[in-house]
Amino acid sequence: MRPASLEVFMSRGRPRKVETEQALHAIMRAFWQNGFKATSMNDLVDASGMAKPGLYAAFGDKEAMFEKSLLHYFDCYGDMVFGPLTQAQHHYLVDLRELIRTVGYLAADDSTPMGCFLFNSQVEAAYGSERHKTLLKDLGSARIEAIRTRLLKAVGAGEITGECDTDALATFIDGQLAAVSILARCGGTKAQIDTFVETAMKALPSYSPEVLEHSSEFTLRQ
């Protein structure tokens, strides 16, 4: 599940055939591994198993393939990352700990390219086209809004006081997502990721080790 505000991007369209979805997944992984600039059309041909005419017909030009890859990334991992946050079934500290830890574990997963595809792309886009900067800024804003919405629920539930600056706190938490992704991409171990997450939690309002100790054991859901 992707944050609701991300649905606006779906009007761009996406392929429906199973074989085309598989090609898109391979294209996504190629961009994720090497970045937009370093990924050539020949790389995309090799990854997808499709000839250039078929690639262009199914996905558009290279920039369109990159954009569709980012949206496909949310299709693949959005529910795992944002699901607990939007459901808000636990104390907000538990939900945010799972959010940051999930991003870290996914970024360090040996079965995927290193790092978070979105954060990797945001770093690269700082020197890229305005088209990519705009898309990634909008996707980042949607991510922050999902965090802010969870914080507002925490205020409503009395888990944090109404005096909390939820905008500032959402930006802080989003920064922790970026940091843990970089930590994982640079070879951070699971133990280092766990230490990072627990340290970040101590900076949050109403931090309580008792709340976290009595939460269910964290598992990375596949």
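1. A helix here is a DSSP run of H or I that holds at least four residues, and helices are numbered from the N terminus. With that in mind, the place of Ile182 is in helix H8, which covers residues 166–185. The model discussed in this note is a predicted one, and the points below should be read with that in view.

2. On the overall make-up, the protein chain contains ten helices and zero strands, and its pattern along the sequence reads α-α-α-α-α-α-α-α-α-α. Of its 222 residues, 48% count as buried. Among the contacts in the chain with a separation of 6 or more, 71% are accounted for by residues that lie 24 or more positions apart.

3. Ile182 deserves a second look, since a helix may hold residues with various degrees of cover. Is Ile182 buried, exposed or partly exposed? Its relative accessibility is 48%, and because the partly exposed class runs between 20% and 50%, Ile182 counts as partly exposed. Cys116 is 66 residues away from Ile182 in sequence, yet the C-alpha atoms of Ile182 and Cys116 are 8.1 Å apart in space.

4. Helix H5, residues 92–108, has 17 residues and reaches 24 Å from its first C-alpha to its last, close to the 24 Å expected at 1.5 Å a residue. H5 is mostly covered, in that 16 of its 17 residues are buried. Thr102 is found in this helix, and because its relative accessible area is 2%, under the 20% limit, Thr102 counts as buried. The C-alpha atom of Thr102 is separated by 9.5 Å from that of Phe82, and the two residues are 20 apart along the chain.

5. The packing of H5 against H8 can be followed step by step. The two helices pack at an angle of about 25°, with their axes 8 Å apart. Angles under 35 degrees count as roughly parallel, and H5 and H8 are therefore roughly parallel to each other. The crossing in which H5 passes H8 is right-handed. On the H5 side the contact is made by Leu96, Leu99, Ile100, Val103, Gly104, Ala107 and Ala108, and on the H8 side by Ile173, Gln176, Leu177, Val180, Ser181 and Ala184. Sorted by class, this contact of H5 with H8 holds ten nonpolar residues, three polar ones and no charged ones.

6. How do H8 and helix H9 lie relative to each other, roughly parallel or roughly antiparallel? The axes of H8 and H9 (residues 190–201) come within 10 Å and cross at roughly 165°. Since angles over 145 degrees count as roughly antiparallel, H8 and H9 are therefore roughly antiparallel to each other. H8 passes H9 in a crossing that is right-handed. In this contact Phe172, Gln176, Ala179, Val180, Leu183 and Ala184 of H8 meet Gln192, Ile193, Phe196 and Ala200 of H9. The residues of the contact comprise eight nonpolar, two polar and no charged.

7. Helix H7 (residues 130–156) allows a simple check of length: its 27 residues should span 39 Å at 1.5 Å a residue, and its end C-alpha atoms are 38 Å apart, which agrees. The buried residues in H7 include His132, Leu135, Leu136, Arg143, Ile147, Arg150 and Ala154. Just after this helix, Gly158 takes a positive phi of about 80°.

8. Helix H4 (residues 62–87) packs with H7 at an angle of about 10°, and their axes are 12 Å apart. That makes H4 roughly parallel to H7. The contact has many participants, among them Phe66, Leu70, Phe74 and Phe82 of H4, and Leu135, Leu139, Arg143 and Arg150 of H7. By class, the residues of the contact of H4 with H7 divide into twelve nonpolar, two polar and six charged.

9. A final point concerns a residue outside the helices. Glu159 lies in the loop between H7 and H8. Why does Glu159 count as buried? The relative accessible area of Glu159 is 18%, and because buried means under 20%, Glu159 falls in that class. Leaving aside neighbours within four places in sequence, Glu159 is in contact with His90, His91, Tyr92, Arg150, Ala154 and Ser206. Two of these partners, Arg150 and Ala154, are themselves listed among the buried residues of H7.

Methods
Residues are numbered from 1 along each chain as its sequence is written. This is a predicted model: local features need pLDDT of at least 70, side-chain atom pairs count only at pLDDT 80 or more; totals for chains, interfaces and linings use all residues. Side-chain values use heavy atoms; hydrogens and water are left out. Axes are lines fitted to C-alpha atoms, for helices over the stretch in contact, and angles run from 0 to 180 degrees between N-to-C directions. Angles under 35 degrees count as roughly parallel, over 145 as roughly antiparallel, 65 to 115 as roughly perpendicular and the rest as oblique. A crossing is left-handed if the near helix is turned anticlockwise from the far one by less than a right angle, and right-handed if clockwise. Contact means heavy atoms within 4.5 Å. Ala, Val, Leu, Ile, Met, Phe, Trp, Tyr, Cys and Pro count as nonpolar, Asp, Glu, Lys and Arg as charged, and the others, Gly among them, as polar. The expected span of a helix is 1.5 Å times one less than its number of residues. Buried means under 20% relative accessible area, exposed over 50%, partly exposed in between (1.4 Å probe, protein chains only).
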